[in-house]
Amino acid sequence: MIKKKIKFTTRILIFAIGFCHTALAQSDQLKVANDQPQTTTKLVINKMDNRQLMDDKVNINTASEEELAEKLNGVGLKKAQLIVLHRKKFGGFKSIEHLQDVPGIGLGFIEKNREKLTY
């Protein structure tokens, strides 16, 4: 009778240990699985933020008249045409501050749009 109780208890312990081991292994897999998408999501968001920042920037050496007029504060089609004309006549801008060489564009305009400008 005692041998039967020991065998029964041993089987229950083995089952319980196996069950706990399986549960812990699955728990670790869930942690790894949960960490993976979050990291991927953060990377995707960061890439999107960078892309969006680049999309919001206006390259004064390559932007069209329409893009300049649309994305910059205080620039209509006339000023945009002057920027493009200056760029064609004298070559690309070496800095954002060189925009002041364009008639009608001053330091105030540059400061208002500095975050949007690149060259």
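## Starting at R114

Let's begin with R114, which sits at 28% relative accessibility and so counts as partly exposed. This is a predicted model, and R114 is a handy way into it. Which residues does R114 pair with in salt bridges? One is E111, with the closest N and O atoms 2.7 Å apart. Another is E97, whose side chain meets that of R114 at 2.9 Å, N to O. R114 lies in the loop between α4 and β2 (117-118) and E97 in the loop between α3 and α4, so this pair ties together parts that are 17 residues apart in sequence.

Put the two pairs together and you get a salt-bridge network linking E97, E111 and R114. The acidic partners are partly exposed too: E97 has 33% relative accessibility, and E111 has a relative accessible area of 46%.

## The other salt bridge

The salt-bridge count for the model comes to three. Away from the R114 network there is K71 with E67, where the closest N and O atoms are 3.6 Å apart. Both residues belong to helix α2 and lie four residues apart, about one turn of the helix. That spacing fits a general rule: an α-helix has 3.6 residues a turn, so residues three or four places apart point the same way.

Buried or exposed, or something in between? K71 comes out as partly exposed at 26% relative accessibility, and E67 is partly exposed as well, with a relative accessible area of 25%.

## Overall layout

Stepping back, the protein has four helices and two strands. Along the sequence they follow the pattern α-β-α-α-α-β. Of the 119 residues, 18% are buried. The exposed surface is about 9,300 Å², and carbon and sulfur atoms supply 61% of it.

As for how the chain folds back on itself, take the contacts between residues at least 6 apart in sequence: 46% of them join residues at least 24 apart.

## Helix α3, two faces

Now for α3 (77-90). Does its length agree or disagree with what its residue count predicts? At 1.5 Å a residue, the 14 residues should span 20 Å, and the end C-alpha atoms are 20 Å apart, which agrees.

The buried residues in this helix are A80, I83, V84, H86 and R87. They cover an arc of only 155° around the axis, which puts them on the same side of α3. Helix α2 (65-71) is part of what covers them. The face turned away from that buried side carries the exposed residues K78, L85, K88, K89 and F90. Just after the helix, G91 takes a positive phi of about 90°.

## The nonpolar core

In soluble globular proteins, nonpolar side chains tend to be buried together. Here the largest nonpolar core has 17 residues, and those with the most contacts inside it are L68, L72, I83, L99 and F109. Both α3 and α4 supply at least two residues each to this core, and α3 gives the most, with three.

F109 is worth a click in the viewer. Not counting residues up to four places away in sequence, F109 touches L72, N73, V75 and L99. Among these, L72 and L99 are also on the list of residues with the most contacts inside the core.

## Around Y119

What does N61 contact beyond its sequence neighbours? Leaving aside residues within four places, N61 is in contact with R87, G92, F93 and Y119. The Y119 contact spans a long stretch of chain: the two residues are 58 apart in sequence, with their C-alpha atoms 5.7 Å apart in space. N61 is found in the loop between β1 (58-59) and α2, and at 23% relative accessibility N61 counts as partly exposed. Its partner R87 is one of the buried residues of α3.

S95 also reaches Y119: beyond its neighbours within four places in sequence, S95 is in contact with I60 and Y119. S95 is placed in the loop between α3 and α4 (107-113). Is S95 buried or exposed? With a relative accessible area of 16%, S95 is buried, because the cut-off for buried is under 20%.

Definitions and conventions. Residues are numbered from 1 along each chain as its sequence is written. This is a predicted model: local features need pLDDT of at least 70, side-chain atom pairs count only at pLDDT 80 or more; totals for chains, interfaces and linings use all residues. Side-chain values use heavy atoms; hydrogens and water are left out. Buried means under 20% relative accessible area, exposed over 50%, partly exposed in between (1.4 Å probe, protein chains only). Contact means heavy atoms within 4.5 Å. The expected span of a helix is 1.5 Å times one less than its number of residues. The arc is that of the directions from the helix axis to the C-beta atoms. A salt bridge is a side-chain nitrogen of Lys or Arg within 4 Å of a carboxyl oxygen of Asp or Glu. A nonpolar core is a set of buried Ala, Val, Leu, Ile, Met, Phe, Trp, Tyr and Cys residues joined through side-chain atoms within 4.5 Å. Accessible areas come from the Shrake-Rupley method with a 1.4 Å probe; for residues, only the protein chains shown count as cover.
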